[in-house]
Structure formats: C-alpha cells, structure tokens
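Q: Could you take a close look at one part of this predicted model for me, namely its last helix and whatever sits around that helix? I'd like one connected walk-through.

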Amino acid sequence: KNTTPNSGVNVDISEYEKMTRHLNEVQQDSFYRSQAVQFISNNPSKAFSLYFMKFLNYFNYRNDLATTTESSLWRDLIMLCTYGPLLLIFILRLCLLKKISLIDIEKYLIVIYLINALFQAIFFTRIRFRIPFDFLLISVVAIFLLEILRRLSVPKNV
C-alpha cells in the first residue's frame with residue numbers, strides 16, 4: 001500500500017507492524033503475505049502498475065537506500081556512466097533485431113536477463129541482486145558490438 005517502485009525495504013509498514021507485534025515470525029510472514037494478496041485482489045490495476053514500475057526499476061542505475069550515509073553522488077555517477085551505456089546499447093540491439101538477427105546464445109542471455117527482471121519485480125528490485133545478471137547484459141552487448149565491427153570491416157562491393 002505504501003510501497004514505491006524504488007522503496008525496497010524502506011517502505012513504511014508501521015501500521016502493519018502494530019498488528020503483528022504479538023505474532024511470531026511465521027505468523028507475521030503469513031499475515032504480511034495475506035495483506036499483500038488482499039491488496040492485489042482489491043487493487044489489481046494499481047498492483048499491476050506497481051509491478052510494471054518495479055520491472056522498469058530493475059534497470060535503474062541507483063537505489064534509494066535506507067542508510068543515507070551509504071548513498072553517494074559519485075557512486076551514482078559511476079553507475080550511470082557504466083550501466084547507462086550498456087543499457088543503451090542493449091536497447092539499440094533490441095531495436096535492430098530486424099537488421100541484425102539474434103544468434104542463439106544472445107536469445108538465451110536476453111531471455112534469462114529479462115525473466116530475472118520480471119521475477120525480481122515480484123519482490124523488490126535492488127542493484128545488488130541484479131549485478132550477477134549484468135554479466136549477461138555485458139555479453140549481449142559484446143556480441144552485438146563485435147557483429148557491428150565485423151560488418152564495418154567487411155569491404156562493400158562496388
């Protein structure tokens with residue numbers, strides 16, 4: 001109810017915590033899950049919108065952290081300057097599907113990367129959970145750039 005696409009564990013659940021103080025951890029988990037399912041059932045369009053925004057947030061270069069001292073403008077700039085170009089080249093790759101067909105390994109890498117984004121959006125997206133999968137993105141971008149270089153180096157028939 002109070003969550004946002006980038007809130008993660010920072011979401012304010014104080015109203016629910018009051019109701020669960022007397023419950024053990026298993027009972028609390030069951031209560032929170034039932035509240036989430038109830039919210040989704042009662043607000044399907046809002047729940048879908050939040051899910052879609054969390055899916056998009058998977059590709060974010062920064063997170064809102066609970067510990068503000070862990071946030072850093074320099075860290076955000078480094079992430080923007082490194083992940084941003086990778087993501088832009090990846091999007092370009094997807095835009096050029098008709099001109100440059102995907103090879104099988106690219107298909108698998110893209111599917112795994114996007115399925116992880118869809119899966120992570122169920123819970124909460126955090127860069128630290130995405131980073132192991134960023135190697136898939138790097139691989140797709142490298143294969144694409146290699147293909148572009150190969151095509152540029154082939155002499156054109158006159």
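A: If you take the contacts in the protein chain between residues at least 6 apart in sequence, 70% of them join residues at least 24 apart. Keep in mind that we're looking at a predicted model here. The chain has six helices and zero strands, so reading along the sequence just gives you α-α-α-α-α-α by the DSSP runs. Of the 158 residues in the chain, 27% are buried.

Now for the part you asked about. Helix α6 covers residues 127–153, which is 27 residues. From first C-alpha to last, α6 reaches 37 Å, close to the 39 Å expected at 1.5 Å a residue. There's a bend on the way, though: α6 turns by about 45 degrees at Phe 133. The buried residues of α6 start with Ile 127, Arg 130 and Asp 134. Going on along the helix, Leu 136, Leu 137, Val 140, Val 141, Phe 144 and Glu 147 are buried too. What do the buried residues of α6 pack against? They pack against α4 (73–95) and α5 (104–120).

Let's follow α4 next. Its 23 residues should span 33 Å at 1.5 Å a residue, and the end C-alpha atoms are 31 Å apart, which agrees. Like α6, this helix has a bend: about 25 degrees at Tyr 83 in α4, compared with the one at Phe 133 in α6. A proline, Pro 85, follows Tyr 83 within four residues. Tyr 83 itself is buried, as are Asp 76, Gly 84, Leu 86, Leu 87, Phe 90 and Arg 93 of α4. What covers these buried residues includes α5 and α6.

That leaves α5, and a couple of its residues are handy for seeing how things sit. Ile 105 lies in α5 and, at 43% relative accessibility, counts as partly exposed. Its C-alpha atom is 9.4 Å from that of Ile 143, although the two residues are 38 apart along the chain. Gln 120 is also in α5, but with 12% relative accessibility it counts as buried, because the cut-off for buried is under 20%. Leaving aside neighbours within four places in sequence, Gln 120 is in contact with Tyr 58, Thr 125 and Phe 129.

From α5 you can also step over to α3. Phe 52 has its place in helix α3 and counts as partly exposed, at 40% relative accessibility. Phe 52 and Leu 118 are 66 residues apart in sequence, and their C-alpha atoms are 8.6 Å apart in space.

Helix α3 (residues 44–57) has a partner of its own in α2 (residues 25–42): the two axes come within 5 Å and cross at roughly 110 degrees. The two helices are therefore roughly perpendicular to each other. On the α2 side, the contact is made by Phe 39, Ile 40, Ser 41 and Asn 42, and on the α3 side by Pro 44, Lys 46 and Ala 47. Sort the residues of that contact by type and you get four nonpolar, two polar and one charged.

Terms used. Residues numbered from 1 in each chain as written. Predicted model: local features only at pLDDT ≥ 70, side-chain atom pairs only at ≥ 80, totals over all residues. Heavy atoms only, no water. Expected span 1.5 Å × (residues − 1). Bend = angle between axes of the 7 residues up to and from the residue. Buried < 20%, exposed > 50% of the residue type's maximum accessible area, 1.4 Å probe, protein only. Contact = heavy atoms within 4.5 Å. Axes fitted to C-alpha atoms, helices over the stretch in contact; angles between N-to-C directions. Parallel < 35°, antiparallel > 145°, perpendicular 65-115°, else oblique. Nonpolar A, V, L, I, M, F, W, Y, C, P; charged D, E, K, R; others polar.
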